[in-house]
Amino acid sequence: MNRTTLSLIAGTAALAAVTGFATLNEPKTAGADDSAKAAAVLPVERTSLLCPAPSTSDIAETSYTSFTPVTKGTGGDGTAELVAATEESADTADDKASDKDDKKADEKADEKTDEDKKKDKKTDKSGKSVVTPKEPGTPATGDSTGGESPALVGTAEGKFAPGWTVQETTEVAAGSGRGLQGVTCTPADTEFWFPGASTAADRTDYVHLTNPDDSAAVADIELYGKDGALQTTVGEGITVPPHSSEPVLLSTLTADKEDDLTVHVNVRSGRVGAAVQALDDKLGGDWLAATTDPAAGLVVPGIPKDATAVRLIAYAPGDADADLKVQLASPSGLITPAGHETVHVKGGMTTAVDLGDVTRGEAGSIVLTPTDRSVPVVAAVRVLRGKGGNQESAFIPASAPVGTRASAVDNTAKGTTLSLTAPKGTAKVKVTASAGSEGGTAVSKTYTIKSGTTQDVELPVPSGLKGTFALTVEPLNDTPVYAARTLAVTQDGVSGFTVQTLPDDRGTVEVPRADENVAVLQK
């Protein structure tokens with residue numbers, strides 16, 4: 001084999017380990033020994049995440065929590081940081097500044113009072129990382145206040161890269177969108193689906209687009225209501241400058257008032273991070289994260305057992321209609337909600353169904369399967385807790401399974417619920433509670449989740465816990481497991497809550513072994 005082939009193999013392996021976004025599987029041959037042919041599983045060496053600007057409210061209080069689970073095979077070095085999206089372009093300009101300008105900037109910084117320095121830290125404009133983790137296995141926290149906190153760009157390398165997870169949690173005491181708003185920071189991508197958005201009179205929904213790269217990104221925002229695609233004024237060709245974030249108010253894209261919308265973000269050039277912030281004048285607000293890719297069958301995990309109203313929103317891309325069987329994975333098994341056995345989703349249109357208090361005081365997850373032919377769909381639910389004037393809302397998108405491993409951070413001993421769902425087959429799952437952010441010792445427990453059920457498991461809590469902790473979920477057999485974590489706080493009698501799903505953290509990547517690929521490439 002020539003030098004070019006060797007270089008190709010080495011380059012492919014290096015790229016996979018650094019990005020963590022590619023999984024390379026070598027072809028199998030008849031009669032081959034699978035164990036000898038197994039690909040090497042390596043920890044990724046670099047991970048990037050994007051966090052949207054948390055709030056425009058002057059009374060918003062936002063916390064950021066960073067966590068990397070302990071991963072075998074990593075080295076002893078590494079870094080992780082979260083900085084303002086605009087700081088990266090500012091850093092480039094600083095590199096070109098003269099020594100004289102740098103000296104003046106240092107002198108100006110020295111003249112700041114302690115109060116000024118605290119303000120810089122709170123508004124995330126100091127150029128320093130908002131969160132600085134010390135070691136994998138222990139969460140690190142940071143915070144900001146007010147309505148000027150920017151979107152953040154995060155990068156983890158070395159020992160901090162595999163499974164790096166960052167949570168942005170905001171408390172807003174009053175006003176539109178009051179309550180608890182939470183979102184897991186995500187990698188940049190080129191396509192996103194958000195069923196559950198709205199342009200109704202009581203709603204103020206934004207699509208946040210964040211560009212981490214050195215060149216501009218161009219994205220289209222498409223809106224689909226109950227009758228199909230909506231006419232939009234400026235939804236096409238939205239330019240997001242390098243190292244910046246653009247919040248796009250949905251009501252500025254269309255004059256139509258729709259209670260239930262599906263938002264499709266398609267990136268023509270470059271890549272972005274995307275999330276929808278849904279603010280309601282009466283029912284509080286939360287982040288709507290992107291749903292998993294369109295599929296014929298979907299799982300929406302972790303509906304709170306005390307939900308007073310659950311609204312299912314589904315959309316079928318393309319022209320084909322979808323007929324879906326609706327089931328609830330309860331603690332005792334799969335059941336069919338009375339009066340909501342199936343849902344018909346017309347192609348290219350958004351369909352919404354009120355399921356009421358479908359969980360009836362028990363843990364539950366929505367399981368959607370095709371009744372006949374398979375037609376890809378996307379779906380999410382809007383959940384209400386409380387009654388009358390003390391209601392609060394949150395969103396749960398359909399999720400991919402946990403896969404190898406996933407983590408949820410910013411947990412507390414009394415305000416956290418972890419839901420595990422195994423729609424097909426009995427699953428064994430290991431859950432590890434990390435050390436606390438300010439002290440404590442990690443502890444693990446193993447659970448058996450019976451086929452077709454959802455369990456709100458009794459959480460392991462770190463001994464000597466101080467601060468918040470992370471929960472890491474690891475399936476121990478091949479049965480697909482879906483997971484969601486609920487955070488809850490109570491303010492003035494209103495129980496604010498937010499729910500995040502736990503798809504695979506993509507902390508490892510399969511890389512073909514060089515000697516095996518030599519044989520494959522030489523054939």
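A salt bridge is taken here as a side-chain nitrogen of Lys or Arg within 4 Å of a carboxyl oxygen of Asp or Glu. By that criterion, the structure, a predicted model, holds 12 salt bridges. A few of these pairs are described below, followed by the internal space of the model.

A convenient place to start is the pair formed by D205 and R203, whose closest N and O atoms lie 2.7 Å apart. Both partners, D205 and R203, are buried.

A second salt bridge joins the side chains of D220 and R268, with an N to O distance of 2.9 Å. This pair ties together distant parts of the chain, as D220 belongs to strand 11 (residues 217–225) and R268 to strand 15 (residues 261–269), with their positions 48 residues apart in the numbering. The two partners have opposite surroundings: D220 has a relative accessible area of 11% and is therefore buried, being under the 20% cut-off, whereas R268, at 51% relative accessibility, counts as exposed, the threshold for that class being over 50%.

A third pair brings D354 and R311 into contact, again through their side chains, at 2.8 Å from N to O. Here too the salt bridge links distant parts of the chain: D354 sits in strand 23 (residues 350–356) and R311 in strand 19 (residues 309–315), 43 residues apart. D354 is partly exposed, with 46% relative accessible area, and R311 is also partly exposed, with 24%. Nor does this pair stand alone, for D260, R311 and D354 are linked in a network of salt bridges.

Attention now turns to the space inside the model. Rolling a probe the size of a water molecule over the atoms shows where empty space is left. One cavity of 30 Å³ or more is found in the structure, and the largest cavity encloses about 30 Å³ of space. Its lining is made up of T165, Q167, T184, S407, A408, V409, R485, Q500, T501 and L502. By character, the lining of the largest cavity divides into six polar residues, three nonpolar and one charged.

Several strands contribute to this lining. Strand 7 (165–172), strand 27 (406–411) and strand 36 (494–501) each supply at least two residues to the largest cavity. Among the contributors, strand 27 gives the most, with three residues.

Technical notes
Residues are numbered from 1 along each chain as its sequence is written. This is a predicted model: local features need pLDDT of at least 70, side-chain atom pairs count only at pLDDT 80 or more; totals for chains, interfaces and linings use all residues. Side-chain values use heavy atoms; hydrogens and water are left out. Buried means under 20% relative accessible area, exposed over 50%, partly exposed in between (1.4 Å probe, protein chains only). Helices (H or I, at least four residues) and strands (E, at least two) are DSSP runs, numbered from the N terminus. On a 1 Å grid over the protein atoms alone, a cavity is a set of points where a 1.4 Å probe fits but cannot get out, and a pocket is an open set with protein on both sides within 12 Å along at least five of seven lines; lining residues have an atom within 4 Å of a point. Grid points are joined across faces, edges and corners, and a volume is the space filled by probe spheres set on the points. Ala, Val, Leu, Ile, Met, Phe, Trp, Tyr, Cys and Pro count as nonpolar, Asp, Glu, Lys and Arg as charged, and the others, Gly among them, as polar.
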